[in-house]
Amino acid sequence: MHKVIFDTDPGVDDALALLYLHKHPQIDLLGVTTVFGNAAVESTTHNALYLKQVWGLTAPVARGAAGPLQPDAQPEAWPVHIHGHNGLGNHPVPDVLEATADTREAHQLIIDLVRAHPGEITLIAVGRMTNLALALQHAPDIAGLVRGVVLMGGAFHVNGNITPAAEANIWGDAEAADIVFTARWPVTAIGLDVTTRVEMDRHGLDALAHAGGADADLVRSLSQEYVDFYLQAGHKGMVVHDCCACIALTRPELFQFERASVRVACDGVARGMTIPKPEGMAFGPSVWDDQVVQTIAIGVDASAVLADIETTLAG
Ligand code: BDR
Ligand code: CA
């Protein structure tokens with residue numbers, strides 16, 4: 001059984017990932033923490049609470065960061081053309097919900113849960129890395145207490161998706177991402193190198209809804225404009241970025257990995273670029289020296305990942 005905290009900015013593909021975690025028999029979802037990104041944190045938190053309510057999640061939802069560690073570093077425009085004006089693909093979400101947020105801030109919930117379950121928790125982070133960086137800053141001991149971190153973010157040997165250099169989750173808080181990659185905890189990074197190859201078309205979404213009933217049908221409904229965006233961008237269907245990070249935990253054999261120290265460019269035109277230094281490769285003195293060697297995904301069995309999503313949601 002994997003104990004998991006899911007740090008997220010729902011977010012259309014975040015919603016699918018959350019349902020995957022909720023349905024997976026080997027996942028014990030202990031907490032959901034929200035962050036700005038696909039929409040303002042007020043919206044991503046409201047969306048997480050909405051999904052908690054309709055899907056019957058028992059894990060607490062704690063609201064997290066409203067902006068990056070360095071607020072002036074990067075002005076942010078919400079990606080309404082991808083995730084809709086409400087962050088859930090313009091799917092109607094009630095203004096008033098019965099589910100309420102935990103009284104703690106996200107980073108505090110992370111700290112409390114990790115300290116309560118030493119060595120057991122995997123943090124799956126699929127939004128800006130701000131909450132994880134704040135948790136590390138407030139409680140450096142958690143680096144030695146987590147089982148691991150799996151994150152959706154980065155573009156290691158491919159272009160980014162928000163600039164030619166940068167992937168959105170990293171670009172949106174580059175300083176936080178650099179803190180997360182260089183902390184003394186094991187990180188597995190699932191970036192655009194692999195996620196952009198995992199495309200679910202409308203036929204696949206229909207099959208998902210058929211197999212997974214009402215819960216999965218909600219995913220199908222809220223994903224429609226997201227599918228349109230990715231089809232117009234030249235993909236075969238919607239890219240299921242965030243669920244790939246979850247499956248890297250449950251089915252790591254579906255990915256190929258390489259080992260590298262990773263630094264994040266925090267200035268200039270390459271801001272948000274994730275730059276790996278492959279393990280064992282020699283360079284002159286650099287800021288990669290003596291950094292933790294992390295694990296980054298470079299290959300994926302896309303059809304097996306899609307099949308695993310359908311099987312898991314079918315329950
Ligand atoms: C990442 O950015 C968001 O749009 C998605 O939810 C995903 O986490 C992909 O770059
Ligand atoms: Ca996300």
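**Around ligand 1, the calcium ion and α11**

Trainee: Which residues are around ligand 1?
Mentor: Keep in mind that this is a predicted model. The protein residues around ligand 1 are Asp13, Asp14, Asn38, His83, Val126, Met152, Asn161, Glu167, Ala168, Asn169, His241 and Asp242.

Trainee: How much of ligand 1 does the protein bury?
Mentor: Start with the polar contacts. An oxygen atom of ligand 1 sits 2.9 Å from a side-chain N or O atom of Asp14, and a ligand oxygen is also 2.9 Å from one in the side chain of Asn38. For Asn169, the distance from a ligand oxygen to a side-chain N or O atom is 3.0 Å. Taken alone, ligand 1 exposes 280 Å², and the share of that buried by the protein is 95%.

Trainee: Asp14 is one of the residues around ligand 1. Which residues coordinate the calcium ion (ligand 2)?
Mentor: Asp14 turns up here too, listed twice through OD. The distances run from 2.3 to 2.8 Å, and Val126 gives its O while the other donors are OD atoms. The coordinating residues are Asp9, Asp14, Val126 and Asp242.

Trainee: How many residues apart are Val126 and Asp242?
Mentor: The donor residues of the calcium ion are spaced D-x4-D-x111-V-x115-D in sequence. Val126 belongs to the loop between β4 (121–125) and α5 (130–138), whereas Asp242 is in helix α11, so the pair links distant parts of the chain, 116 residues apart.

Trainee: Are those two buried or exposed?
Mentor: Buried means under 20% relative accessible area. Val126 comes in at 1% relative accessibility, and Asp242 has a relative accessible area of 2%. Since both values fall under the cut-off, Val126 and Asp242 are buried.

Trainee: How many residues of helix α11 are buried?
Mentor: Asp242 is on the buried list for α11, as are His241, Cys243 and Thr250. The helix covers residues 241–250 and is largely enclosed by the rest of the structure, because the buried count is 10 of the 10.

Trainee: Which residues touch the most other members of the largest nonpolar core?
Mentor: Nonpolar side chains tend to be buried together in soluble globular proteins. This core has 63 residues, and helix α1 (residues 12–23) gives the largest share, eight. Leu16 touches Met200, Leu208, Val219, Met238, Val240, Cys243, Ile309 and Leu313, leaving aside residues up to four places away in sequence. The residues that touch the most other members are Leu16, Leu29, Phe255 and Ile309.

Technical notes:
Residues numbered from 1 in each chain as written. Chains lettered and ligands numbered in written order. Predicted model: local features only at pLDDT ≥ 70, side-chain atom pairs only at ≥ 80, totals over all residues. Heavy atoms only, no water. Buried < 20%, exposed > 50% of the residue type's maximum accessible area, 1.4 Å probe, protein only. Helix = DSSP H or I, 4+ residues; strand = E, 2+ residues; numbered from the N terminus. Core = buried A, V, L, I, M, F, W, Y, C linked by side-chain atoms within 4.5 Å. Contact = heavy atoms within 4.5 Å. Near = heavy atom within 4 Å. Polar contact = N/O pair within 3.5 Å; in protein donor to acceptor, adjacent residues only side chain to side chain. Areas by Shrake-Rupley, 256 points an atom, 1.4 Å probe, with all protein chains shown as cover. Donors = N, O, S within 2.8 Å, 3.2 Å for Na, K, Ca; no water.
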